[in-house]
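Here are some exercises to work through with the model open in your viewer. Try each task before you read its solution.

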Amino acid sequence: MKKRKIVITGATRGLGRALAEKWINSGHLVCGCGRSPEFIQELNERAGENGFFSVLDVTDYEDVENWALEVTDKIGVPDLLVNNAAIINPVQNLWEISTEDFSQIIDTNLKGVFHSIRAFVPRMKKENSGIIVNMSSGWGRSVSEKVAPYNCTKFGIEGLSKALAKELPSNMACIPLNPGVIDTDMLRNAFGSHADSYPNAMEWSLTAANYILNLKPADSGLSLSIPQ
């Protein structure tokens, strides 16, 4: 497979970490970000010449724009942008959620994706190519009790992605992608010990990494899911 230039947010843990490591091991150029300095250092050591990783909070647009400048200076314009950074709310009824927690999940899961799109997509559009993958969820297509804020953001990702798909040229794509149910820290926050009945992130990445790399312009605007 052709060597790809990949940008992924939320790369330090869970699905983002698994994808980043799988793509690095496959020889692709991978640039990612996350909030943990310790995990960013680990990823930089692992990446070597196959990319670099930065400590970054996607809720800060100025930092995201500066990071995009650094990324494009070092590896060029990405041909794959994966917006993966996300958090989940405390498992509570909607009226019990604090205003701070609600704002934080909106800022990370929706505004963070917008910040990444605003920073990278104009550069990709100048190259007239590129795939944008916005990580959605089964909870972006159906609802459950006690995760209403997360439902809200992932339904928002579906709509944002489908609208962006209509705005892009025909040889680009934006795809809302449901990763499926995977045993991660986020799932354990919602499911508790029941999470261990699902595949872990590294197992998941064996299928997911290649599936994402094979997405194409004809998939733009489709609500897709990783096969499980």
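## Exercise 1: Threonine 12

Threonine 12 counts as buried, since its relative accessibility is 9% and the cut-off for buried is under 20%. Keep in mind throughout that this is a predicted model.

Task: find where threonine 12 sits and which residues it touches, leaving out those up to four places away in sequence.

Solution. Start with the position: threonine 12 belongs to the loop between E1 and H1. Next, list the contacts beyond four places in sequence: Arg17, Cys33, Gly34, Arg35, Ser36, Phe39, Ile40 and Leu43.

## Exercise 2: The sheet and its edges

Task: write down the strand order of the open sheet, then say why one side of E3 and of E7 lacks a neighbour.

Solution. Step one is the order, which reads E3-E2-E1-E4-E5-E6-E7, 7 strands with parallel pairing. Step two is the edges: strand E3 (51-55) and strand E7 (224-225) each have a single partner strand, so one side of each has no neighbour in the sheet.

Step three is to look at the pairing at each edge. Strand E2 (residues 29-34) runs parallel to E3 and is joined to it by 5 bridges; within E3, serine 54 is the bridge partner of cysteine 33. On the other side, E6 and E7 pair in the parallel sense over 2 bridges, and asparagine 178 stands opposite serine 225 in E7.

Step four asks about burial at the edge. In E3, 4 of the 5 residues are buried, so this strand is largely enclosed by the rest of the structure.

## Exercise 3: The nonpolar cores

Task: identify the residues with the most contacts inside the largest nonpolar core, and the elements that each supply at least two residues to that core.

Solution. First, the largest nonpolar core has 32 residues, and Leu19, Trp23, Phe53, Leu80 and Ile212 have the most contacts inside it. Second, the elements that each supply at least two of its residues are strand E1 (5-8), helix H1 (14-25), helix H2 (37-47), strand E4 (80-83), strand E5 (130-135), strand E6 (172-178) and helix H7 (201-213). Third, a separate core of 28 residues also exists, and Cys31, Trp67, Met124 and Cys174 are among its members.

To finish, inspect phenylalanine 53. Leaving aside neighbours within four places in sequence, phenylalanine 53 is in contact with Ala11, Ala20, Ile24, Val30, Cys31, Gly32, Cys33, Ile40, Leu43, Asn44 and Ala47.

## Exercise 4: Two bent helices

Task: check the end-to-end spans of H7 and H4 against 1.5 Å a residue, then locate the bend in each.

Solution. Take H7 first. Its 13 residues should span 18 Å, and the end C-alpha atoms lie 17 Å apart, which agrees. The bend in H7 is about 35° at threonine 207. Ala201, Trp204, Ser205, Ala208, Ala209, Ile212 and Leu213 are buried in H7, and the buried residues of this helix pack against E1, H1, E4, E5 and E6.

Now H4. Its 29 residues should span 42 Å, and 41 Å separates the end C-alpha atoms, again in agreement. H4 has a kink of about 35° centred on lysine 111. Helix H4 (residues 99-127) lies across E1, E4, E5 and E6, at about 175° to E4.

## Exercise 5: Loops and positive phi

Task: state the phi values of asparagine 128 and lysine 146, and place both residues.

Solution. Begin with the background: most residues other than glycine have a negative phi. Asparagine 128 has a positive phi near 60° and sits in the loop between H4 and E5. Lysine 146 has a positive phi of about 75° and lies in the loop between E5 and H5. Both residues are partly exposed, asparagine 128 at 38% relative accessibility and lysine 146 at 33%.

Task: which residues does leucine 94 touch, and how far is glutamate 145 from leucine 94?

Solution. Leucine 94 is in the loop between E4 and H4. Not counting residues up to four places away in sequence, leucine 94 touches Phe102, Ala148 and Pro149. Leucine 94 and glutamate 145 are 51 residues apart in sequence, with 8.5 Å between their C-alpha atoms. As for accessibility, leucine 94 is partly exposed at 45%, whereas glutamate 145 is exposed at 62%.

Technical notes: Residues numbered from 1 in each chain as written. Predicted model: local features only at pLDDT ≥ 70, side-chain atom pairs only at ≥ 80, totals over all residues. Heavy atoms only, no water. Core = buried A, V, L, I, M, F, W, Y, C linked by side-chain atoms within 4.5 Å. Buried < 20%, exposed > 50% of the residue type's maximum accessible area, 1.4 Å probe, protein only. Contact = heavy atoms within 4.5 Å. Pairing = 2+ DSSP bridges. Axes fitted to C-alpha atoms, helices over the stretch in contact; angles between N-to-C directions. Expected span 1.5 Å × (residues − 1). Bend = angle between axes of the 7 residues up to and from the residue.
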